[in-house]
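The following exercises concern a predicted model. Please examine the sequence and the structure before attempting each task.

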Amino acid sequence: MLIFLQNAIRCSAAFMYGCLGEIITEKSGHLNLGIPGIMCGGVAGGCLGVSLYMSAIPDPTNPSHILLLLCGILGAILAGALLGAIYAFLTVSLKCNQNITGLALTTFGAGFTEVIMKTLDKTHFSVAATYIAKSPFPFAENLGWFGELFLSYGALVYLAIILAVVAGIILKKTRVGLNLRAVGENPAAADAVGIKVDGYKYGAILLGSSIAALGGFFYVMDLVQGLYNSYQPVEAVGWLAIALVIFTLWRPSLSILGSILFGALYTASNFISVSSSVINALISFVPYVATVIVLLTVSIMGKKNVQPPSSLGQNYFREER
Amino acid sequence: MANEKTAVREPLFHISKRDEMPTWKSAIIYVVSVVAALLLGSIICTLASPKGDPIKFFTSLYKGVFASDRKIWETLRDMSLLVSVSMALLPAFKMKFWNLGGNGQILMGGLAANACMIYLGGVIPDVWIIVISVIASMVVGAIWAVIPAIFKALFDANESLFTLMMNYIAQCFVTLFIALWVKGGSSVLTDDQLAHGRLPVVGNQFLLTILVSVAVFVFMFVYTKYMKGGYELSVVGDSQNTAKYVGINVKGVIIRTLIISGAICGLVGLMLTSGNYANAAIGVGTAKNMGFTAIMTTWLGNCNPLAILASCALVSIVSKGMTQVRMDFKMTSDSFSNLVVGIIYFFIIACSFLIQYKINLRKKKTEDK
């Protein structure tokens, strides 16, 4: 049971990054269906960072924990921001259709990742992964079940939770968050009161994409211990993350709980003693069906505070009424 | 006064909406952008592979599609499947209903067809199995599309997210039924299980698919251009209020259109799973992501059936040709074509900006003086 919870929480970080990135993007009124592609891109960027670092140091079996993490995170963020910039330029500046651009980005991101991953030197990835997945709290081992359950994860898991909490506070309590929500709800009104609509949109998309990219990096380097075979599992996590955005009603704070729930469902099949493919198939239904039920409940109840941002999916062109 | 005016900083350019652009002009923009995208793709492939060179990229691309009769047939088959799915999505898009659920509708149609073959095989004559599975696949595909449509019509539930989720629920159904049907770990249906009720062979194994898609194309062309239903859905797409004002039953139109959309996707599922060739069976990957690819082709074709035909041809030719490029350039990954197709998408998407808007550069200040 303890191991199951531990796995669920660890797994949740991949969803949390993706979900958080998409929430921030959607708050600016942009439905970014490119998140799966961006998460794949995060894999490529992060692994590129790790591999560059590993080849730069003299002894690749004994890397510095912090520098390794920083290189990976930086690589992932850069890749995510690059892909996000393509999306932002096409949808914000060129006002192209968001769904189409997002899907194109997912196609492109998958190809981009495969090309980069094929050329990388993967020999030191498993060493790097043990460091990245290592808990930043060395004293955790002495704390029994408490340490196991709360302090045993890699630094990226804690980063995800911190980011979610901070994003929740910024969106809800600060002026920047209020402005961003205004841009997503009614860009014309936001423009009229002097908020720089395009600036907020660009900022939200780039930030959201960078965060989502970390999810891909986490998935490969922490969750599956540096074993990369294909982009497909990362892409699947990305689509689940988009589902999770609806499931958590566009709230970063809820996304922590939602991610842990999705993480539990994602790993559940490994922990069921009667390992039957029928039961596994039944479990895989749950996240999607639950998301649909939430989506329907939300739209049938029609309550104001749980709706998607009202200009979601529509581009803003100032000269258009 | 004049001094004050010049003190105001004018932006370098401003963007305004264009009137209709002549077709030949937009066609030129599209062609130029596709060529530019291919050039960029060839450069990237050259850089990524030790075996690459840009000219060989284009010869390989050509060889991959036109080198043999079989390859041409395969490309035509791929293209016709894509055309069918695009035609299925077309009416929904014209209505501004984002049906992102093509994959799921194809899967469910294919699943229904295979279910008929398994449960009715040997019980009733094969001809009747074919008839029943055609009906079943279309009905199940339609059901899969109409569920989001009903909730969109009644409660205004966000259809792009709902249809997206339906894709994955469909995948789960496929995994579930395969787990029920296949004992042992292989999780692939065998040809023995699907021995009854295969579609007949017409000419060669590709021709039937092509003929069906021609029929679908003609139907959709006529439906959207000359029939009342097609007219109604484009009114709903342009303005729901106008539609209500002239007495169109908006909810009814949404539901009816998605039934047609889903039924055609279901039929594509049947073509993919019941064709008379080896290894035609339902699997999680049966839809080959065509639901998404068709979204791109439909939109790139600007919801015009003939233009969609062109964009489907482009995407299928590039995808098919890229398999050859991949082999010649000794690249193991099959998603290399994703990269090039993705670049083409970006370029064509950006074209829509050039066609819809124009950039007005700041006028020189000389006339003020």
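**Exercise 1. The chain as a whole**

What percentage of the 369 residues in chain B is buried? State also which elements chain B contains and what its dimensions are.

*Solution.* Begin with the burial: 47% of the 369 residues in chain B are buried. Next, list the elements, which are 14 helices and two strands. Then take the extent of the C-alpha trace of chain B, which spans about 90 × 65 × 35 Å along its principal axes. Finally, consider the contacts in chain B with a separation of 6 or more: 80% of them join residues 24 or more positions apart.

**Exercise 2. The strands**

Describe how strand 1 of chain B pairs with strand 2 of chain B, and determine how many residues of strand 1 are buried.

*Solution.* Strand 2 of chain B covers residues 357-361, and strand 1 of chain B pairs with this strand in the antiparallel sense over five bridges. Within the pair, I15(B) stands opposite I359(B) of strand 2. As to burial, strand 1 of chain B has five residues, and the count of buried ones is zero, so that the strand is hardly covered by the criterion of 20 or more other C-beta atoms within 10 Å.

**Exercise 3. A pair of helices**

Characterise the packing of helix 5 of chain B against helix 12 of chain B.

*Solution.* Two packed helices are described by the angle between their axes and the distance between the axes. For helix 5 (residues 102-120) and helix 12 of chain B, the angle is about 135° and the axes lie 6 Å apart. Helix 5 of chain B is therefore oblique to helix 12 of chain B. The crossing of helix 5 past helix 12 is right-handed.

Now identify the residues that meet. Helix 5 of chain B contributes G102(B), N103(B) and I106(B), while helix 12 of chain B contributes M290(B), G291(B), F292(B), A294(B) and I295(B). By class, this contact has five nonpolar residues, three polar ones and no charged ones.

**Exercise 4. The contact between the chains**

How many residues does each chain give to the contact, and which element of chain B gives the most?

*Solution.* Chain A and chain B each supply 40 residues. On the side of chain B that touches chain A, two or more residues come from each of strand 1 (13-17), helix 6 (126-155), helix 7 (159-181), helix 12 (290-300) and helix 14 (336-356) of chain B. Helix 14 of chain B gives the most, with twelve residues. Sorted by class, this side of chain B holds 28 nonpolar, ten polar and two charged residues.

Definitions and conventions: Residues are numbered from 1 along each chain as its sequence is written. Chains are lettered from A and ligands numbered from 1 in the order in which they are written. This is a predicted model: local features need pLDDT of at least 70, side-chain atom pairs count only at pLDDT 80 or more; totals for chains, interfaces and linings use all residues. Two residues are in contact if their C-beta atoms, placed from the backbone, lie within 7 Å. Helices (H or I, at least four residues) and strands (E, at least two) are DSSP runs, numbered from the N terminus. Ala, Val, Leu, Ile, Met, Phe, Trp, Tyr, Cys and Pro count as nonpolar, Asp, Glu, Lys and Arg as charged, and the others, Gly among them, as polar. A residue is buried if 20 or more other C-beta atoms lie within 10 Å of its own, exposed if 12 or fewer, and partly exposed in between; C-beta atoms are placed from the backbone. Two strands pair if DSSP finds at least two bridges between them. Axes are lines fitted to C-alpha atoms, for helices over the stretch in contact, and angles run from 0 to 180 degrees between N-to-C directions. Angles under 35 degrees count as roughly parallel, over 145 as roughly antiparallel, 65 to 115 as roughly perpendicular and the rest as oblique. A crossing is left-handed if the near helix is turned anticlockwise from the far one by less than a right angle, and right-handed if clockwise.
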